[in-house]
Amino acid sequence: MALSAVKKSVRLPDLSNVPSVDEVGVDERVARFQSRSIKKSSKVEALKLILSMIDLTTLEGQDTPGKVRQLCQKAIHLHDAMPGLPHVAAVCVYPTMVSVARKALAGHDINIASVATAFPSGMSTLQVKLDDTRMAVKAGATEIDMVISRGRFLAGDYRYVFDEIVAVKEACGDAHLKVILETGELGTLDQVRRASVLAMHAGADFIKTSTGKIQPAATMQVTLTMLQAIRDFYRDTGKMIGMKPAGGISTSKLAIHYLVMLHETLGNAWMTPEWFRFGASSLANDVLMQLMKQSTGVYQSADYFSKD
Amino acid sequence: MATAENKLAFDGGWGYDPAPESTDHIEIKSRYGLFINGEFVKPEMGKYFDTVNPATEERLSRIADASQADVDKAVAAARAAYRGPWGRMKPAERGKYIYRISRIIQERAREFSVIESLDGGKPIRESRDIDVPLAAAHFFYYAGWADKLDYAFPGRRAKSLGVAGQIIPWNFPLLMASWKIAPALACGNTVVLKPAETTPLTALKLAEVIADAGLPPGVVNIVTGAGATGAAIVEHPGVDKVAFTGSTNVGRMIQKKLAGTNKKYTLELGGKAANIIFADAAIDQAVEGIVNGIFFNQGHVCCAGSRLFVQESVADEVIAKLKDRMETLIVGDPMDKNTDIGAINSSMQLEKIRSYLKIGKSEGGEMHQSSCSLPKKGYWCRPTIFTGVSQSSRVVQEEIFGPVLAIQTFRRYDEALVKANNTPYGLSGGIWTDKGSKIFKMTQDLRAGVVWANTFNKFDPTSPFGGYKESGVGREGGLHGLDAYVKLGA
């Protein structure tokens, strides 16, 4: 698709109007979320919700079909020793592994997310990125996690980044599009806010913090800034956008802090896997351990939980 | 623009279970005497009054009501300690005692915060994270000055004053006690302190700490009672210095009584701070600053940001976001770790706040409160904002001392400045903008003792605090705070 064929209804917003973000103030607000004390049934409810929001992820050069199949098995059977658990929201893999995941998850209501667009750096031509996307969708991906061209964004070439997202969205067809801002490379929260606004206007269904390949990955500060951008976009357009922090969220405690933040920033409507995801690989087992602790009163050894 | 359909929903759904701080480890005696000359003694007249938990309306303890005779005893004990061990002690030794007080406060921090919240109604999160650590920090800070006064006033000789009579309010009981006691002791004075009648418990616990720290008897005396006890301290001929924090009315009475006497005094009085939001501010963080400015400690804060000025072009957005944020504030049990807004300090204060809500509505203001439910027993007030009010409204002019915010809009810098300064008070102010130059200009132009930029209600022992105009006389905290407790010679 030629870039000039961008739909008229989708317009690059004036990013000079995007409100500024005070990092000191954001730190203070985050500290307040972290001081919330979540106990008893509200904790159990939160832990189960977290499980259902996980995009179980493996994105390594050494991934094998076997490993992906194991991951899918885990996605379906989180911990059968404990009945009544939800399954995760999605499995997230590279495009070449989508067909493997699709077979392994056949008959289950679990999404197949694929990274695309020359993940993780995004250093390629638009044509390659679109082909990458179409290949993943064709192989059965129901969700596409794309990366933005950070170099172009940082250079101020917002038009390029915007058009690229619009084009990838078009290539996604029915698949949901998550736009990875790679906030660890954007430098400031002002830039994060600007990139969020740009991505939402370009047609992102979700905005996502990180690839997990760059440090820092997701932080609560960055996620709060993106949630506030989502809230303002909703106020202005009535359109809900999903949020996915990814990378570095490996403990239940931290994940609960994220839920508190979501709850107090966007409210109930976003408290479902449809609108919020955790991109994580090791979080699930920590949540399972905490859930077992809540029901039995004691911590079990990590050896009782499958590692895939 | 925001529309009604695009509203966020915060009620229902996932919520937080109660997370109450345990009170098992707390010991509150059924009755407290007066702390005079190093020990608790019965009041001469044998009278006691109740101190109640404002969240439950239950009595916590019976507190001695000090009469003139008790104040005489306390002042005499303070005088003897001043002439005796404390006055003769080497400054470095005095410093050691003050350090010891701060360390014991830190060790017993949990006990102090629980009692502060039980007696005063403030959320445990605030007493735990703000009041008690700051109280310890004040003692630490002034302990360091004890043997360095010559450096605080280069070329001058700083001499102690004698006996300091100190009267403190109910909004930050322990913190105000340490604001007053720490610099007084560091400068070599002795103290007679009266806590507020609704919140005497942490001051009496502090008396225990002072005894445990081994201070010589009479250096710090704590007498409890109401206005009459305070008046007896102010008028006592044996008192060399009066330090008062409280209402402007009482401050005025004290100033009249002290006129023509040799007593030195500092007064920390009311406020009606302007919190000014410019269109170029980081709006989401400014909204947090509004919340912190007016809802911190139920708005029982003399420097609360109780008048909000928002630049016209962002007013709708700011008010809409503020209303959303108010819905997420948790009002209720002060002992719950998740509570944001606790109980109003007393039934009297609640009545006063309610009367202002009526006044605000009758003046034509539009009142909005959060939709939270309130406990059945106890004294409570929902977070409240008034829009459509003006400089001539009483809710804009007068100090309400509750979680009630009066909002006005402005177009130009000058308009905001004139309105902000158009008040008999001048304790604090806030400015929110992304432009550094505007911050410096506004802080120069505002007639207020403390001006915060892109933040609000931040306190530190090294920073002086005090008001212009009817907000008070003198400064507390920092180097300036020493000045109030010394006379300077050549």
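Let me start with a definition: partly exposed covers what lies between buried, under 20% relative accessible area, and exposed, over 50%. Phe40(B) comes out at 31% relative accessibility, so this ring belongs in that middle class. Please keep in mind, everyone, that we are looking at a predicted model.

Now, who is the partner of Phe40(B)? Across all chains, a search of the whole structure turns up 20 aromatic pairs. In one of them, Phe40(B) is joined with Phe35(B], a tilted pair with 5.3 Å centre to centre and 55 degrees between the planes. The partner, Phe35(B), is buried, as its relative accessible area is 3%.

Let's move on to another pair in chain B. Phe459(B) and Phe465(B) have ring centres 6.1 Å apart and planes at 55 degrees, so this pair is tilted as well. Which of these two rings is buried, and which is partly exposed? Phe465(B) is the buried one, with a relative accessible area of 6%, while Phe459(B), at 21%, is partly exposed. Both rings also belong to a cluster linked by ring pairs, together with Trp179(B), Trp452(B) and Phe456(B).

Before I hand over, a word on charges and rings. In chain A, Arg152(A) lies over the face of Tyr160(A), 3.9 Å from the ring centre. In chain B, Lys241(B) has its charged end over the ring of Tyr485(B), at 4.5 Å from the centre.

Thanks for listening, and do have a look at these rings in the viewer!

How values were computed:
Residues numbered from 1 in each chain as written. Chains lettered and ligands numbered in written order. Predicted model: local features only at pLDDT ≥ 70, side-chain atom pairs only at ≥ 80, totals over all residues. Heavy atoms only, no water. Phe/Tyr/Trp six-rings, centres within 6.5 Å; stacked < 30°, edge-to-face > 60°. Buried < 20%, exposed > 50% of the residue type's maximum accessible area, 1.4 Å probe, protein only. Lys NZ or Arg CZ within 6 Å of the ring centre and 35° of its normal.
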